[in-house]
Amino acid sequence: MSAFSPDEMMTVAAARLLWDGCVCFVGIGLPSAAANLARHTHAPGLVLVYESGTIGARPSVLPLSIGDGELAETATAVVPLPEIFAYWLQGGRIDVGFLGAAQIDRFGNLNSTVIGDYARPKTRLPGAGGAPEIATHAKQTFVVLKQSPRSFVPRLDFRTSMGFGDGGVGRARLRAPGQGPQAVITDCGLLKPEPATGELQLVARFENVEAEAARKATGWALKVADPVEVIAPPGEEELRVLRDLHERTRRAHRRPVPLPVGKGRP
Amino acid sequence: MPLVSLKEAIARHVRDGQTLALEGFTHLIPFAAGHEILRQGRRDLHLVRMTPDLVYDQLIGAGCARALTFSWGGNPGVGSLHRLRDAVENGWPAPLAVIEHSHAGMAAAYAAGASRLPFGLLRGYAGTDLPAVNDQIRGVTCPYTGELVATVPALRPDVTILHAQKADRQGNVLLRGIVGAQREAALAATTLLVTVEEVVDDLDAPMNAFVLPHWVVTCVSCVPGGAWPSYAHGYYARDNAFYQEWDGIARDRATFTAWIERHVLGTPDHAAFLRSLPSAPAGGDEP
């Protein structure tokens, strides 16, 4: 077995959660890598929806932006942006929404807006994008982020999107048709919400990470399932496909694009 | 619908203090128009855009903006917009008021503007802190079910500027590929300026194509390469390498200012701007 990085471990673990035929609303970065890995391995019928309006995109390399041309070229349909949010997301047609964030709290609420005070932020982050409504309307969401006391915080600096609010699954999600964050994939393992309270607990760990390390990387007293399962390490085939994908992507993004100087069409 | 130079279009239609939307979701971003606004030194603008992207990072860093309405302000796939961050975090070069939405909220606000409705409606913002920092996000009770539904006031830019693949000589405009919220932003505006890759005799638009008829278009300017470093589907690809390079240029005030002075303020128009870039075939002309 070849060695692998925490990013590869997370990507593979996230990919395994997706099933063939699943309609998945993906963001850029690790979620996009995980969804495309799943599509190239066990879930060839996975439907990728990017918020740029590309439905059923089948890119050969990972897009740098959410609206790279290849997404449109390989999509089943390209629809305007108000439509993707109104008819497709709010319309309840998304099985899984993938989200990342800078901070998460014990109830799976996310911050991608600011670190520090909103009016005078220490760090201004990009902001909400599609996240608040993905968190509400996708039938479930998967969250991917690395675990550290800075990202797993007792109290968010800003609540950009809702998980289970202040706790209590039913009450918190009264105004939300989706089931909320059902899986949080970190570099320690997999967290899932307790059915009654929505509080995240570590249900599985990576082979090389002890549960104690996950507790130390969490800014609140993390609950750990007993027994905690162990996630099988990335297999040869998963790593090969993922590394091929990243290598193709690196080559594609490095390739110089001729400047559009002179007369229009190439 | 007149066909005019971009210089003339901006001079005639864009004024200090206006609310301006340069739309385009990753694709067809009207960079050439943004640069011309910068060259003509417009100030005090309220910039509206779902994804500010590099074009607003440049306008904000150059001190053209007083306010920004947006829903996601990053460099896609790369990281921060450093000039936007510097304005919000440190008030450099000027304080910037931010009016912040989600994508779904802003799409609804544009659609309301295009429909001349007072507000847009969505099942949105549930359980978030956004309504606490943006008092434009409110709610209304559904008269049929009693459900509380989120509302956002209609967006009605003074001027919307788009980039498109082509226009015909009458001024009908065709866009294809990822079209974002361009149609809504176009029809929500009082004035609509469009730059295109080429002007043709016949648009050759398929039925149901995304066409803006000439009588909603204020004027068209032919600016080949006008969306670079974003892209124009069928003409040129997104320059992902430049988006990555921008991170280094914009991180530092001095580097940013030098880049703007050299490539935007130091060039008379977009063709000269493109020729001035280090990656140009001639290797970067002196202006």
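The following exercises, each with a worked solution, concern a predicted model of two contacting chains, A and B.

Residues are numbered from 1 along each chain as its sequence is written, and chains are lettered from A and ligands numbered from 1 in the order in which they are written. Because the model is predicted, local features need pLDDT of at least 70 and side-chain atom pairs count only at pLDDT 80 or more, whereas totals for chains, interfaces and linings use all residues.

**Exercise 1. Describe the overall dimensions and division of chain B.**

Step 1. The radius of gyration is taken over C-alpha atoms, and the globule rule is 2.2 Å times the number of residues to the power 0.38. For 287 residues a compact globule would have a value near 19 Å, and the 19 Å of chain B agrees with this.

Step 2. The C-alpha trace of chain B spans about 65 × 50 × 30 Å along its principal axes.

Step 3. Chain B contains 10 helices and 14 strands; these elements are DSSP runs, numbered from the N terminus (helices H or I, at least four residues; strands E, at least two).

Step 4. Chain B is divided into domain 1 (6-100 + 156-276) and domain 2 (118-153), with bounds from an automatic or database domain assignment. The C-alpha centres of these domains of chain B lie 29 Å apart.

Step 5. A residue is buried if 20 or more other C-beta atoms, placed from the backbone, lie within 10 Å of its own, exposed if 12 or fewer, and partly exposed in between. Buried residues make up 54% of the 287 residues in chain B.

**Exercise 2. Characterise the side of chain A that touches chain B.**

Step 1. Two residues are in contact if their C-beta atoms, placed from the backbone, lie within 7 Å. On this criterion, 47 residues of chain A contact 58 residues of chain B.

Step 2. The elements of chain A that give two or more residues to this side are helices H3 (69-74), H4 (81-89), H5 (131-137) and H8 (236-254), together with strand E9 (121-124).

Step 3. By class, this side of chain A has 22 nonpolar residues (Ala, Val, Leu, Ile, Met, Phe, Trp, Tyr, Cys and Pro), nine charged (Asp, Glu, Lys and Arg) and 16 polar (the others, Gly among them).

**Exercise 3. Analyse the open sheet of three strands in chain B.**

Step 1. The strand order is E7-E9-E8 (chain B), with antiparallel pairing; two strands pair if DSSP finds at least two bridges between them.

Step 2. Strands E7 (119-122) and E8 (138-141) of chain B stand at the edges with a single partner strand each, so one side of each has no neighbour in the sheet.

Step 3. On average, neighbouring strands are turned by 40 degrees against each other, direction ignored. The axes are lines fitted to C-alpha atoms, for helices over the stretch in contact, and angles run from 0 to 180 degrees between N-to-C directions.

Step 4. E7(B) and strand E9 (residues 148-153) of chain B pair over four bridges; B:Phe119 has B:Pro153 in E9(B) as its bridge partner. Helix H5 (residues 103-115) of chain B packs on the sheet, touching E7 and E9 of chain B, and its direction makes about 140 degrees with that of E7(B).

**Exercise 4. Trace the open sheet of 10 strands in chain A.**

Step 1. The order is E4-E3-E2-E1-E5-E10-E11-E12-E13-E14 (chain A), and the pairing is mixed.

Step 2. Strand E4 (77-78) and E14 of chain A are the edge strands, each with a single partner strand, so one side of each is left without a neighbour in the sheet.

Step 3. Strands E1 (residues 23-26) and E2 (residues 47-50) of chain A pair in the parallel sense over four bridges, and A:Phe25 has A:Val49 in E2(A) as its bridge partner.

Step 4. Helix H2 (residues 30-40) of chain A lies across E1, E2, strand E5 (96-99) and strand E10 (140-144) of chain A, running at about 150 degrees to E1(A).

**Exercise 5. Locate the cis peptide bonds and positive phi values.**

Step 1. Most residues other than glycine have a negative phi, and most peptide bonds are trans.

Step 2. The bond joining A:Asp226 and A:Pro227 is cis, with omega about 5 degrees; A:Pro227 is in strand E14 (residues 223-231) of chain A.

Step 3. The bond from B:Trp228 to B:Pro229 is also cis, with omega near 10 degrees. B:Pro229 is in the loop between strand E14 (219-222) and helix H8 (240-251) of chain B.

Step 4. B:Asp44 has phi near 65 degrees and is partly exposed, with 14 C-beta neighbours inside 10 Å. B:Asp53 has phi near 55 degrees, lies in helix H3 (residues 53-61) of chain B, and is buried, with 29 such neighbours.
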